[in-house]
Structures are given as C-alpha cells and as structure tokens.
Amino acid sequence: VLPQKSIEEVSKDVEKWAIQKREEIASLQRNEKFRKEFLLNLAHELKTPVFAIQGYIHTLLDGALEDPEVNKTFLRNATKNIDRLCRLIDDLDEISRLESGENQLDPEVFVIQDLVRDVFDTLSLKAKNRGVRFSIKKGCEAPPLPVYADKEKIRQVLINLLDNSIKYGKHEGHTMASFYNTDGQRILVELSDNGIGIPEEHLPRVFERFYRTDKARSREAGGTGLGLAIVKHIIEAHGQTINVRSKPDIGSTFGFTLKVGRE
Ligand code: ADP
C-alpha cells in the first residue's frame with residue numbers, strides 16, 4: 001500500500017510550490033528589468049559619441065574642411081569620441097566575459113604591495129598631470145603580504161580604482177594604499193583618496209553598471225560608467241568582498257579583501 005499524504009500535507013506542498021513559483025517569476029522579471037535597463041543605458045552611451053562624430057564629419061563635409069584650424073579641432077574632437085567608444089567596447093567585452101563565467105580565474109601567489117607599486121607606476125604620468133600623489137601608508141610597506149589571486153584581474157581592479165581616485169580627486173590630491181591582515185585568512189586592501197567624495201544616497205548604487213553620481217563629470221573625465229561594476233565582478237569571482245565609505249568633499253575609501261597566499 002502506498003503511503004498516503006494527509007490533506008494538510010498535500011496543501012502545504014502546494015503552497016510551498018506556489019511560493020517557489022512566485023519567487024522564480026519575480027526573479028525572471030527582475031532579470032528582464034535589468035536587461036531592459038542595461039540595453040537602454042547602452043543605447044544612450046553609444047548615441048552620445050556616435051552623434052558627436054557624425055556632427056563633426058557632417059560639418060567638415062559641409063564646408064568647414066576649407067578652414068585648417070577648424071579642421072584640426074573637429075578631427076581632434078572626433079578622435080576623442082572614437083577613443084571613448086573604444087573604451088566602452090573594451091569594458092563591455094570585459095563585463096560580458098566576466099558575466100558568462102567564460103573568463104576563468106588563473107590564481108597565483110604574489111605580493112600585493114609589489115602589484116600596487118607597479119600600478120602606481122603605470123598611472124604615474126596621469127596622476128602627475130592631475131597633481132595627484134600616490135603612496136603606501138606608513139607601516140604598510142613591510143612585511144611583504146603574499147596573496148592568492150588572479151594577478152592580472154587584480155591589476156585591473158587596482159587600475160580602475162586608482163584611475164577613479166585621479167578622475168574624482170582634487171588637484172594636489174593624495175591617494176593612499178593600506179593593507180591589513182584581518183584574520184590570518186584574508187588581506188584587506190584599502191585605497192583612500194581625499195577627492196570629491198560620494199553623497200550617501202548614491203553609495204549603495206555606485207557598483208551598478210552605468211551608475212554615476214555626476215554624468216557630465218564622469219564623461220568629461222573619460223569614464224564609461226562600467227569601471228566599478230567590473231571591479232565588483234572580479235572581487236566576487238574570487239569569493240571576496242568590496243565596500244566603499246565616502247563623504248562629500250572629504251574623500252572616499254574603497255576596500256576589498258583577498259585570500260592570504262601560502263607558498
Ligand atoms: P566611471 O567610468 O563613471 O568612473 P565607475 O563605475 O568607475 O564609472 O564609477 C561609477 C561612479 O562612482 C563614478 O561616475 C563616480 O560618480 C563615482 N566614483 C567612483 N570612484 C570615485 C571616487 N574615488 N571618488 C568619487 N566618486 C567616485
């Protein structure tokens with residue numbers, strides 16, 4: 001004889017099933033909403049530089065070509081917009097590879113202070129031009145802290161965060177890196193700037209794709225609005241966390257964790 005379920009048990013199962021279905025539908029709707037928002041944002045991001053390039057070329061063809069000064073300025077402006085499109089394509093490529101999980105991590109043991117110094121060097125010219133100074137906090141230079149992570153991906157994280165600290169830094173600003181061995185398992189890396197800061201109401205959303213607190217400033221500085229979304233993806237793919245503290249006009253601190261590396 002098959003075991004029988006009571007009416008109460010069957011109705012409990014049905015209710016459980018209904019709740020599960022409702023959650024599945026809500027999740028699908030959320031994904032659909034994200035997808036639509038993403039496409040809308042993307043179309044907008046593409047339109048701005050493409051229309052600008054179109055405008056410069058049309059004006060040149062309509063006669064401005066005769067004037068060598070105008071010529072140069074327009075071509076320079078068109079190139080600036082093409083560079084922006086290229087950055088956007090690179091970031092989109094990166095984010096879609098991260099999201100599809102196609103981009104496997106390739107972890108190794110390396111010293112985090114060495115990588116940070118390397119990225120300081122890479123960005124030194126840009127920082128110098130904006131009067132921003134990079135340093136490692138006193139007492140954090142040694143001992144060397146080995147971490148276990150995908151070095152090239154973490155380089156990308158550091159580039160995006162330090163580049164932001166230049167873009168949103170004050171002239172004669174300062175960005176400082178500090179490192180803490182939290183629980184013997186993880187290293188906390190913090191990058192603090194004394195730049196324009198982020199108003200509190202924007203903080204929970206800055207890691208979203210295309211979210212910016214000041215669109216005009218971001219665009220002017222050459223931002224794509226995808227830098228922090230890429231950073232968050234990379235850190236989470238490592239099973240680690242990232243957060244931000246910030247105060248307008250005082251500055252921002254981005255902190256992320258990495259697994260301690262053991263030889
Ligand atoms: P963007 O390409 O616009 O810089 P990001 O994803 O890197 O895009 O950053 C999203 C937004 O977060 C920026 O547009 C800016 O408003 C804010 N932001 C990021 N980093 C900083 C920072 N260090 N100081 C102030 N604001 C920042």
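## Layout

Helices (H or I, at least four residues) and strands (E, at least two) are DSSP runs, numbered from the N terminus. The model described here is predicted. The protein holds seven helices and seven strands. Along the sequence they follow the order α-α-β-α-α-β-β-α-β-β-α-α-β-β.

## Overall dimensions

The C-alpha trace spans about 95 × 55 × 35 Å along the principal axes. The radius of gyration is 24 Å, whereas a compact globule of 263 residues would have one near 18 Å. Contacts also reach across the sequence. Of those between residues at least 6 apart, 75% join residues at least 24 apart.

## Surface and charge

The accessible surface comes to about 16200 Å². Carbon and sulfur atoms account for 55% of that surface. The protein carries 40 positive and 41 negative charges. The mean positions of the two sets lie 3 Å apart.

## The nonpolar core

Of the 263 residues, 39% count as buried. In soluble globular proteins, nonpolar side chains tend to be buried together. Here the largest nonpolar core has 50 residues. Ile-112, Ile-154, Phe-179 and Phe-256 have the most contacts inside this core.

Take Ile-112. Leaving aside residues up to four places away in sequence, Ile-112 touches Leu-145, Val-147, Ile-154, Phe-179, Val-189 and Leu-258. Two of these partners, Ile-154 and Phe-179, are also on the list of residues with the most core contacts.

## Helix α7

Helix α7 covers residues 227-237. Its buried residues are Gly-227, Leu-228, Ala-229, Ile-230, Val-231, Ile-234 and Ile-235. Their cover includes two helices, α2 (68-100) and α5 (151-167). Strands β6 (242-247) and β7 (251-260) are also part of that cover. Just after α7, Gly-239 takes a positive phi of about 75 degrees.

## Unusual backbone spots

Most residues other than glycine have a negative phi, and most peptide bonds are trans. Three places in the loops depart from this pattern. One is the peptide bond from Ala-142 to Pro-143, which is cis, with omega near 0 degrees. Pro-143 sits in the loop between β2 (133-136) and β3 (146-149).

The other two are positive phi angles. Phe-210 is not a glycine, yet its phi is about 70 degrees. Phe-210 belongs to the loop between β5 (186-193) and α6 (215-220). Its relative accessibility is 5%, so Phe-210 counts as buried. Asp-249, again not a glycine, also has a positive phi of about 70 degrees. Asp-249 lies in the loop between β6 and β7. With a relative accessible area of 60%, Asp-249 is exposed.

Notes: Residues numbered from 1 in each chain as written. Predicted model: local features only at pLDDT ≥ 70, side-chain atom pairs only at ≥ 80, totals over all residues. Heavy atoms only, no water. Core = buried A, V, L, I, M, F, W, Y, C linked by side-chain atoms within 4.5 Å. Buried < 20%, exposed > 50% of the residue type's maximum accessible area, 1.4 Å probe, protein only. Contact = heavy atoms within 4.5 Å. Rg over C-alpha atoms; globule rule 2.2 N^0.38 Å. Areas by Shrake-Rupley, 256 points an atom, 1.4 Å probe, with all protein chains shown as cover. Lys, Arg positive; Asp, Glu negative; His and termini not counted. Charge placed at Lys NZ, Arg CZ, Asp CG, Glu CD.
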